[in-house]
Amino acid sequence: MIDYLVQNLWLAWVLVGLVCLILEMMNGDFYIMCFAIGSFCASLVSVFADSVVVQVIVFVVFTVLSIFLIRPVALKYLHQGADGRRSNVDALIGREGKVTDTIEAGGYGRVKIDGDSWKAKSVDGTEIGRGKGVRVLWLDSIIATVERC
């Protein structure tokens, strides 16, 4: 098996590149893709040059070049608008839900938003009855501040 890989080192480089591409699909930050590019370039060189040292140098050079030249371009075009996405608790702001336990005047109650139950208080301190529709204005830790819809 080792003899086969030594005689067909291009195949080992291709396998490394494919593994890097599979790992990149799970990660998505485009670093591992740069190693895949370097290994594919080294596989092309291995067809023409038998020297492992030359292949490793080509791998390193093309990996570093792709980190500094290709990765920024890929991030720019493939992650457009990624900074504007809200996630986790920030995604709840502006969402609408229903009151499940009456929100007491100046106190707390519970609201159901997207299937999750949250402790809530009214923005103006008034009572909001059970079953009423509310909109989340902001969150303080685990307490949602809501207003009537």
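1. Strands β2 and β3 form a hairpin with two residues between them, and Asp 114 in the turn has a positive phi of about 50°. Strands here are DSSP runs (E, at least two residues), numbered from the N terminus, and two strands are said to pair if DSSP finds at least two bridges between them. This is a predicted model, in which local features need pLDDT of at least 70 and side-chain atom pairs count only at pLDDT 80 or more, while totals for chains, interfaces and linings use all residues. Residues are numbered from 1 along each chain as its sequence is written, and side-chain values use heavy atoms, with hydrogens and water left out.

2. Strand β2 (residues 109–113) runs antiparallel to β3 (residues 116–122), to which five bridges join it, and Gly 109 has Ala 120 as its bridge partner in β3. Strand β2 is also joined, through three bridges, to the antiparallel strand β1 (residues 96–101), where Val 99 stands opposite Val 111.

3. In a regular strand the side chains alternate between the two faces of the sheet. Along β2, Gly 109, Val 111 and Ile 113 point to one face and are buried (under 20% relative accessible area, with a 1.4 Å probe and protein chains only), whereas Arg 110 and Lys 112 point to the other face and are not buried.

4. The largest nonpolar core (buried Ala, Val, Leu, Ile, Met, Phe, Trp, Tyr and Cys residues joined through side-chain atoms within 4.5 Å) has 13 residues, and Ile 103, Val 111 and Val 146 have the most contacts inside it. Two or more residues of this core come from each of β2, β3, β4 (133–140) and β5 (143–148), with β4 giving the largest share, three residues.

Definitions and conventions
Buried < 20%, exposed > 50% of the residue type's maximum accessible area, 1.4 Å probe, protein only. Helix = DSSP H or I, 4+ residues; strand = E, 2+ residues; numbered from the N terminus.
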